[in-house]
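Let's take a friendly walk through this model together. Please have the structure open as you read, and we will begin with a pair of neighbouring strands.

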Amino acid sequence: MRDLLAHPLRPLTIAILFFALSGIVAHPAYLPLPRGRLSDYGNVLDRHGREQISALIEEAEGRLGIEVTILASWEDPFGDIDRYSHALLDAWNLARGRTLFVVFLRERRDWQVRVLSGARTATTHPGLARAVEDGISELVAHRRIEEAMVELFDLLVRHSTPQGAPPPSAPGTGAGRVLTILLFVATLVLIALFIDQRICPRCGRILRPRERRMFTSYQGRNVIYYCRRCGYSRAKKKRGFWGS
């Protein structure tokens with residue numbers, strides 16, 4: 001030991017190794033890095049499933065203003081899903097925002113789930129995380145993880161919307177729907193007027209117009225609509241002031 005410490009650099013080397021080993025012992029856990037809002041380290045989803053869940057995540061943020069982050073994993077370095085979930089909530093900077101963090105964790109063949117709210121979500125929607133977790137726990141217990149991921153968004157809408165109020169819609173959706181209905185009704189009215197004025201009631205052909213002027217105290221003209229096929233005709237009188 002004296003020979004080891006006799007070299008001037010060896011005490012420093014030993015100190016560095018000691019602190020490094022202490023850090024490893026004190027912090028045995030490593031935390032995965034996020035892969036966007038959906039981190040499927042457990043290989044739960046195929047490509048279609050990832051696209052579906054990613055679309056639901058974007059829709060939830062657009063409609064509800066809640067940023068949903070999902071992790072599926074087979075590894076828990078803490079051996080405790082609660083410690084693991086809270087450590088990730090802090091490490092991924094999700095603890096303070098208007099966020100909802102969902103952790104699906106597999107141990108051997110069984111799955112567990114934890115749902116945590118960020119500070120702003122917990123303030124505006126107290127009890128939301130617990131309601132979502134309870135709502136998907138049975139699907140998770142039966143290892144139906146993809147179904148649970150889809151179901152959590154239905155529960156999110158249901159429990160984040162005031163009771164009796166319709167779910168919020170994307171901006172412009174309601175106005176666009178009303179405009180579409182008005183245009184459809186206007187089109188039907190125009191079609192009905194055209195059929196009444198210009199379609200032969202006998203054979204269904206289009207009536208052709210022919211004008212004939214009348215010289216009276218008022219200048220006017222008759223417009224005669226007639227059918228070349230069956231001979232049906234109908235006159236419509238139009239009047240105007242003399243010299244107009």
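Strands E3 and E4 run antiparallel and are joined by eight bridges. Strands here are DSSP runs of at least two residues (E) and helices are runs of at least four (H or I), both numbered from the N terminus; two strands count as paired if DSSP finds at least two bridges between them. One bridge sets Val102 against its partner Val115 in E4, and another gives Leu105 the partner Gln112 in E4. Two residues lie between E3 and E4 in their hairpin, and Arg108 in the turn has a positive phi of about 55 degrees.

Before going further, a word on what you are looking at. This is a predicted model, in which local features need pLDDT of at least 70 and side-chain atom pairs count only at pLDDT 80 or more, while totals for chains, interfaces and linings use all residues. Residues are numbered from 1 along each chain as its sequence is written, and side-chain values use heavy atoms, with hydrogens and water left out.

**The sheet**

E3 and E4 belong to an open sheet of four strands, in the order E1-E2-E3-E4, with mixed pairing. Its edges are strand E1 (38-40) and strand E4 (110-117), each of which pairs on one side only. From one strand to the next, the twist averages 10 degrees. As a reminder, strands of a sheet pair through backbone hydrogen bonds, either parallel or antiparallel.

The pairings compare as follows.

| Strands | Sense | Bridges |
|---|---|---|
| E1 and E2 | parallel | three bridges |
| E2 and E3 | parallel | seven bridges |
| E3 and E4 | antiparallel | eight bridges |

Strand E2 covers residues 67-73 and strand E3 residues 99-107. Along their pairing you can pick out Val68 with its bridge partner Leu100 in E3, Thr69 opposite Phe101 in E3, and Ser73 opposite Leu105 in E3. On the other side of E2, Asp40 has Ala72 as its bridge partner in E2.

How enclosed is E2 by the rest of the structure? Six of its seven residues are buried, so E2 is largely enclosed. Buried means under 20% relative accessible area, exposed means over 50%, and partly exposed lies in between (1.4 Å probe, protein chains only). E3 is mostly covered too, with seven of its nine residues buried.

**Helices on the sheet**

Now for the connections. E1 and E2 pair in the parallel sense. The chain goes from E1 through H3 to E2 in a left-handed β-α-β crossover. Val68 of the next pairing has its bridge partner Leu100 in E3. From E2 the chain passes through H4 to E3, and this β-α-β crossover is right-handed. A crossover is called right-handed if, with the strands pointing away from the viewer, the path from the first strand over the helix to the second runs clockwise.

Back at the E2-E3 pairing, Ser73 stands opposite Leu105 in E3. Helix H3 (residues 47-64) packs on the sheet, where it touches E1 and E2, and its direction makes about 150 degrees with that of E2. H4 also packs on the sheet, touching E2, E3 and E4, with its direction at about 45 degrees to that of E4. These angles run from 0 to 180 degrees between N-to-C directions, with axes fitted to C-alpha atoms, for helices over the stretch in contact.

Ser85 sits in helix H4 (residues 81-91) and counts as buried because its relative accessibility is 0%. Leaving aside residues up to four places away in sequence, Ser85 touches Phe101, Val103, Arg114 and Leu116, where contact means heavy atoms within 4.5 Å.

Helix H5 (residues 119-124) holds Ala122, which is partly exposed at a relative accessible area of 38%. Ala122 and Thr99 are 23 residues apart in sequence and 8.8 Å apart in space, C-alpha to C-alpha.

**The whole chain, and how far to trust it**

The chain has eight helices and seven strands. Of its 244 residues, 28% count as buried. Among contacts between residues at least 6 apart in sequence, 50% join residues at least 24 apart.

The mean pLDDT (the predictor's confidence in each residue, from 0 to 100) is 80, and 72% of the residues reach 70 or more. Over residues 15-28 the pLDDT is below 50, and this stretch has zero contacts in the model beyond near neighbours in sequence. Where pLDDT is low, the predicted coordinates should not be read in detail.
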